Amino acid sequence: MIDLPPLWQFVALLATHWVADFVCQTHWQASNKSKSLDALSRHVATYTVVLAVASVALFGAIGLLFAAVNGILHFATDFGTSRWSSRLYAKQDWHNFFVVIGLDQLIHQVTLAATMAIMVR
């Protein structure tokens, strides 16, 4: 387990979130998660595995439960926001499209912070 103060644990989670949510997401997943539960499920499975590796390193064994809870919450968030943003994208409503993408990320960040506060230490 990596011994870091809580602030730096959270910064590490945010960096992991970026890798898991953007870097590891395939083009197919990103293009289809708004209309296919298979694509969304594969995206969330990848996200959860990446988050689990980092969470176990940061928090020990509770990191597996932490990642599972966040995987479920990530699925719920993306289920709604990907459908919303894809409609805006199709209309070329760029401002609101990016507002929803930003809201999606805010929800993910708050979710990570809240579950960390509840589950860790």
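**View 1. Four helices share the lining of the largest pocket in this predicted model.** Let's start with the open space: helix 1, helix 2 (27–32), helix 4 and helix 5 each bring at least two residues to the lining of the largest pocket. Helix 4 gives the largest share, with 6 residues. The lining has 18 residues, and those nearest the centre of the pocket are Ala30, Lys33, Ser85, Phe97 and Ile101. If you like to think in terms of chemistry, the lining splits into 8 polar, 5 nonpolar and 5 charged residues. The pocket holds about 440 Å³ of space.

**View 2. Helix 4 and helix 5 both help to line the largest cavity.** Here we move from the pocket to enclosed space. How many cavities of 30 Å³ or more does the structure hold? There is 1, and the space in the largest cavity comes to about 30 Å³. Its lining is made up of Tyr47, Asn70, Leu73, His74, His108, Thr111 and Leu112. Sorted by class, 3 of these lining residues are nonpolar and 4 are polar, with no charged residue. Helix 4 and helix 5 each supply at least two of the lining residues.

**View 3. Helix 4 and helix 5 pack against each other with a right-handed crossing.** Helix 4 covers residues 62–90, and helix 5 covers residues 94–119. Their axes come within 10 Å and cross at roughly 165°. An angle over 145 degrees counts as roughly antiparallel, so that is how helix 4 and helix 5 lie relative to each other. In the contact of helix 4 with helix 5 you will find 17 nonpolar residues, along with 9 polar and 2 charged ones.

**View 4. Helix 1 packs with helix 3 at an angle of about 155°.** Helix 1 takes in residues 6–23 and helix 3 residues 37–59, and their axes are 9 Å apart. That angle makes helix 1 roughly antiparallel to helix 3. The crossing of helix 1 with helix 3 is right-handed. On the helix 1 side, look for Gln9, Ala12, Leu13, Thr16, His17, Val19, Ala20 and Asp21; their partners in helix 3 are His43, Tyr47, Val50, Leu51, Ala54, Ser55, Leu58 and Phe59. By class, this contact of helix 1 with helix 3 has 10 nonpolar and 5 polar residues, plus 1 charged residue. Tyr47, on the helix 3 side of this contact, is also one of the residues that line the largest cavity.

**View 5. Helix 1 also meets helix 5, in a right-handed crossing.** How are helix 1 and helix 5 oriented to each other? The axes cross at roughly 140° and come within 11 Å, and the two helices are therefore oblique. Helix 1 makes the contact through Pro6, Gln9, Phe10, Leu13, Leu14, His17, Asp21 and Phe22. From helix 5 come Asp104, Gln105, His108, Gln109, Leu112, Ala113 and Met116. The contact of helix 1 with helix 5 has 8 nonpolar, 5 polar and 2 charged residues. Some names return from the earlier views: His108 and Leu112 line the largest cavity, while Gln9, Leu13, His17 and Asp21 of helix 1 also meet helix 3.

Note on methods:
Residues are numbered from 1 along each chain as its sequence is written. This is a predicted model: local features need pLDDT of at least 70, side-chain atom pairs count only at pLDDT 80 or more; totals for chains, interfaces and linings use all residues. Side-chain values use heavy atoms; hydrogens and water are left out. Axes are lines fitted to C-alpha atoms, for helices over the stretch in contact, and angles run from 0 to 180 degrees between N-to-C directions. Angles under 35 degrees count as roughly parallel, over 145 as roughly antiparallel, 65 to 115 as roughly perpendicular and the rest as oblique. A crossing is left-handed if the near helix is turned anticlockwise from the far one by less than a right angle, and right-handed if clockwise. Contact means heavy atoms within 4.5 Å. Ala, Val, Leu, Ile, Met, Phe, Trp, Tyr, Cys and Pro count as nonpolar, Asp, Glu, Lys and Arg as charged, and the others, Gly among them, as polar. On a 1 Å grid over the protein atoms alone, a cavity is a set of points where a 1.4 Å probe fits but cannot get out, and a pocket is an open set with protein on both sides within 12 Å along at least five of seven lines; lining residues have an atom within 4 Å of a point. Grid points are joined across faces, edges and corners, and a volume is the space filled by probe spheres set on the points.
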